[in-house]
Amino acid sequence: MAYRVAICDDNAVDAQYVRAILCRWAQMRGMELVCREFSSAERFLWAYAEEKRWDLLLLDIEMAGMDGVTMAKTVRRDNEAVQIVFITGYSDYIAEGYEVAALHYLTKPVREEKLFAVLDRALEKRRQNERCLNLELGGEMLRIPLHEIRYLDVQLNYVTVHAKRSYTVKRSLSEFEKELDSRFFRAGRSLIVNLSAIRMVTKTELLLASGERLPLPRGAYEPLNRAIIERT
């Protein structure tokens, strides 16, 4: 399957330079690449309305018209899977990047080895996002992408999987734990949480990016923080 990348930069020279590095990376990794350049955020969003199937967005921040951060927020409203990398000469917007779960910031002029490393990370995340949890409900098999799952909790003998919708099945939490990957953390006997869904951790609770608050079991604070740091 082709790796689909959009470069959005109102400086044509910078965009072509990044594209050349991207093409060398794809050739070295044996990747089939689909790459398009857009000279403004507005041009990209116009095309995005027709075709949302992008794996990676390489965005300049300072552009005439709509800036890259605003564009990224627009995309994030309905697309949680696409990876976003900001390429900029400025550091003022780094805090805002957290709101769109930016994978990385690169400063201009971009160094090839730095972009290669970021592209490798983005590709690995795409592979992770392709993994699914299989649930049998009402005689039907549902496939839930792992990146959509915020957390799983248990009450009595029933586990609820909280994703875009919530699904409750009669299974043990330990069974689910074996089917998940390293982005998930077992916090006590009744909770597994997706580390990438966490916005803040206190001694007593978790705040998720969705706004949900979950009680944090006693003794889970330190190992959870270590897991978050190791995954960063």
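**Two sheets, a few helices and some odd backbone spots**

Okay, let's start with a helix pair. Helix H1, residues 12-29, packs against helix H5, residues 112-129, at an angle of about 60°, and their axes are 10 Å apart. Before going on: what you have on screen is a predicted model. Back to the pair. At about 60°, the angle is not under 35 degrees, which would be roughly parallel, and it falls short of the 65 to 115 range for roughly perpendicular. H1 and H5 are therefore oblique to each other. As for handedness, the crossing of H1 and H5 is right-handed.

Now walk back along the chain from H5. Between strand S5, which covers 104-107, and H5 there's a loop, and proline 109 lies in that loop. Have a look at the peptide bond going into that proline, from lysine 108: cis or trans? This one is cis, with omega near -5°.

S5 takes us to a sheet. This one is open, it has five strands, the order is S2-S1-S3-S4-S5, and the pairing is parallel. Which strands stand at the edges? Those are S2, residues 33-38, and S5; each has a single partner strand, so one side of each is left without a neighbour in the sheet. From one strand to the next, the twist averages 20°.

Let me zoom in on one pairing there. S1, residues 3-8, runs parallel to S2, and six bridges join the two. If you want a residue pair to click on, take arginine 4, whose bridge partner in S2 is valine 34.

One more helix before we change sheets: H3, residues 68-76. Which of its residues are buried? The list is Gly68, Val69, Met71, Ala72, Val75 and Arg76. Looking down the axis of H3, those buried residues fall within an arc of 160°, so they line one face of the helix. The background here is familiar: an α-helix has 3.6 residues a turn, so residues three or four places apart point the same way. The N-terminal end of H3 has a cap too, and aspartate 67 provides it, with a side-chain oxygen 2.9 Å from the backbone nitrogen of valine 69. Val69 is also on the buried list, by the way.

Right, on to the other five-stranded sheet. This is also an open one, but here the order is S10-S9-S8-S12-S11 and the pairing is antiparallel. Its edges are S10, at 166-169, and S11, at 184-186, each with a single partner strand, so each has one side left without a neighbour in the sheet. The twist in this sheet averages 20° from strand to strand.

Let's go through some of the pairings. S8, residues 151-155, and S9, residues 158-162, are antiparallel and share five bridges. Within that pair, aspartate 153 has threonine 160 in S9 as its bridge partner. S8 also runs antiparallel to S12, and three bridges join them. There, leucine 152 stands opposite isoleucine 192 in S12. Then S12, residues 191-194, is joined to S11 by three bridges, again antiparallel. Isoleucine 192 turns up in this pairing as well, as the bridge partner of arginine 186.

Now the turn between S8 and S9. The two strands form a hairpin with two residues between them. What's unusual about leucine 156 in that loop? Its phi is positive, about 55°, although it is not a glycine. And is that leucine buried or exposed? Exposed, with a relative accessible area of 84%.

There's another exposed residue in this part of the model, arginine 189, with a relative accessible area of 78%. You'll find arginine 189 in the loop between S11 and S12. Its C-alpha atom and that of aspartate 153 are 9.0 Å from each other, with the two residues 36 apart along the chain.

Last stop is another hairpin, where three residues connect S13 to S14. S13 is residues 198-201 and S14 is residues 205-208; they run antiparallel and are joined by three bridges. One pair to look at there is methionine 200 with its bridge partner in S14, leucine 207.

That's my tour, so over to you for questions.

Technical notes:
Residues numbered from 1 in each chain as written. Predicted model: local features only at pLDDT ≥ 70, side-chain atom pairs only at ≥ 80, totals over all residues. Heavy atoms only, no water. Pairing = 2+ DSSP bridges. Helix = DSSP H or I, 4+ residues; strand = E, 2+ residues; numbered from the N terminus. Axes fitted to C-alpha atoms, helices over the stretch in contact; angles between N-to-C directions. Buried < 20%, exposed > 50% of the residue type's maximum accessible area, 1.4 Å probe, protein only. Arc of directions from axis to C-beta. Polar contact = N/O pair within 3.5 Å; in protein donor to acceptor, adjacent residues only side chain to side chain. Parallel < 35°, antiparallel > 145°, perpendicular 65-115°, else oblique. Left-handed = near helix turned anticlockwise from the far one by under 90°.
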